[in-house]
Amino acid sequence: MKRMLWLVLVALLPVGPVRGEDWSQYKTADALWARLQTMENVPASDRNQYLEQLGNLRSGLQEFEARFGSDPRRWDSQLLRVQVESMIARVDGRAPDNATLLQATQEILGAPDAGPSTKADARFLAAAIHLERLGSSGPRIDAAARAAVDAELAGLRKDYPADGRREMLRLQYAHFLKQPDPVAAESILRELGASQNLHVAAMAQQELAAFQRTHELNKAPLDLKFTALDGTEVDLARLRGKVVLVDFWATWCGPCRMEMPNVVATYNRLHKDGFEIVGISLDQNKDRLIGYAKQAGISWPQYFDGKGWQNDISSKYGVNSIPSAWLVDKKGFVRSTDARGGDLTDQVKALLAE
């Protein structure tokens, strides 16, 4: 079974719908394991189906562990199951249980019958969790925690020099360092940009381009004005004194839709304090955009020109991936080009307090 890392688990969309599957039909460990393998990395159509299929996968993994407790693959099952459980929590808007994830990795690393590849997966998962914790600590990263992550990444480089996951972790590390240590972040991105792994190299070059674009954006207040889909005239110059999120997104973008409840919740909580959002939609279907906005509780103005990736505003600013959320301070300067996730509220609060 292809093993999933925490940092890429968000891309897993199980097949559906498969409801109330009868696991007893799989009489052997090999048969059940083969079925579980077919449930990874295939698309789902919406959030409810996504949750349903994650739940079904978890159920199958629990069945495997209960019935085949002496099969060495139970460690692979356990590692995958705790990741699926954490993903379910995330989609439900709950904090993932990182303590349980880390406990599972330690059990696997200490298990005499866990294979070398399974133990490698556990080490990479533990490193990903520690790295995520470091990134969620905010712009002032704890020096001791950073040193621990550095040591962990160095250990992975020594023990698994050819494993592409190590470079993916370093890419995420550079992303977290962009604000607290931009020099280190740029150095890592330049090194990864020359990687023999073309996928990693392309991602690093894209991240480096966005990083450099942020520097350019910081030289002057953001110049953005347009007529919104509802006829509202939007001009960021008129919003000085407020904190503004410029959200590049689309209804067809799965990660955008997954992030939207967090954006809506932050807006509803902080709008009264001076927080505004303007959307830049890369949709091509106006009716779909209007329908989704109403369903999702999106009440802020949206730019729409129906050009998709050739959207005039996103093209002007070189936005080549979404979601891309820019946080603009009270003076009109872009302070972040990745204002997403659980720390969005804290980022907005910090700028509102300035």
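# Exercises on a predicted model

Arg140 sits in the loop between H5 and helix H6 (143–159). Helices (H or I, at least four residues) and strands (E, at least two) are DSSP runs, numbered from the N terminus. This is a predicted model: local features need pLDDT of at least 70, side-chain atom pairs count only at pLDDT 80 or more, and totals for chains, interfaces and linings use all residues. Residues are numbered from 1 along each chain as its sequence is written, and side-chain values use heavy atoms, with hydrogens and water left out.

## Exercise 1: Arg140

Decide whether Arg140 is buried or exposed, then place Arg140 relative to Pro180.

Step 1. Take the classes: buried is under 20% relative accessible area, exposed over 50%, partly exposed in between (1.4 Å probe, protein chains only).
Step 2. Arg140 has a relative accessible area of 79%, so Arg140 is exposed.
Step 3. Arg140 and Pro180 are 40 residues apart in sequence. In space, their C-alpha atoms are 6.0 Å apart.

## Exercise 2: Trp23

Locate Trp23, classify it as buried or exposed, and list what Trp23 touches.

Step 1. Trp23 belongs to the segment before helix H1 (29–37).
Step 2. Its relative accessible area is 7%, so Trp23 is buried.
Step 3. Contact means heavy atoms within 4.5 Å. Leaving out residues up to four places away in sequence, Trp23 touches Leu32, Arg35, Leu36, Met39, Asn56, Ser59, Gly60, Glu63 and Arg67.
Step 4. Take Glu63 from that list. Trp23 and Glu63 are 40 residues apart in sequence, yet 7.2 Å apart from C-alpha to C-alpha.

## Exercise 3: H3 and its partners

Work out how H3 packs against H5 and against H2.

Step 1. Set the geometry. Axes are lines fitted to C-alpha atoms, for helices over the stretch in contact, and angles run from 0 to 180 degrees between N-to-C directions. Under 35 degrees counts as roughly parallel, over 145 as roughly antiparallel, 65 to 115 as roughly perpendicular and the rest as oblique.
Step 2. Helix H3 (residues 74–91) and helix H5 (residues 116–135) pack at about 25°, with axes 9 Å apart. H3 and H5 are therefore roughly parallel.
Step 3. Helix H2 (residues 47–67) and H3 cross at roughly 155°, and their axes come within 9 Å. H2 and H3 are therefore roughly antiparallel.
Step 4. Assign handedness. A crossing is left-handed if the near helix is turned anticlockwise from the far one by less than a right angle, and right-handed if clockwise. H3 passes H5 in a left-handed crossing. H2 passes H3 in a left-handed crossing too.
Step 5. Read the H3–H5 interface: Trp75, Asp76, Leu79, Gln83 and Arg90 in H3 meet Thr118, Asp121, Ala122, Leu125 and Glu132 in H5.
Step 6. Inspect Arg74, a residue of H3. Its relative accessible area is 18%, so Arg74 is buried. Beyond four places in sequence, Arg74 touches Phe64, Glu65, Phe68, Gly69 and Asp113.

## Exercise 4: The disulfide

Find how many disulfides the model holds, and give the handedness about the S-S bond of Cys253 and Cys256.

Step 1. Apply the cut-off: a pair of cysteine sulfur atoms within 2.5 Å.
Step 2. The count is one disulfide. Cys253 and Cys256 form a disulfide, with sulfur atoms 2.4 Å apart.
Step 3. The torsion about the S-S bond of Cys253 and Cys256 is about 80°, so the disulfide is right-handed.
Step 4. Check burial. Cys253 is buried at 5% relative accessibility. Cys256 is buried at 2%.
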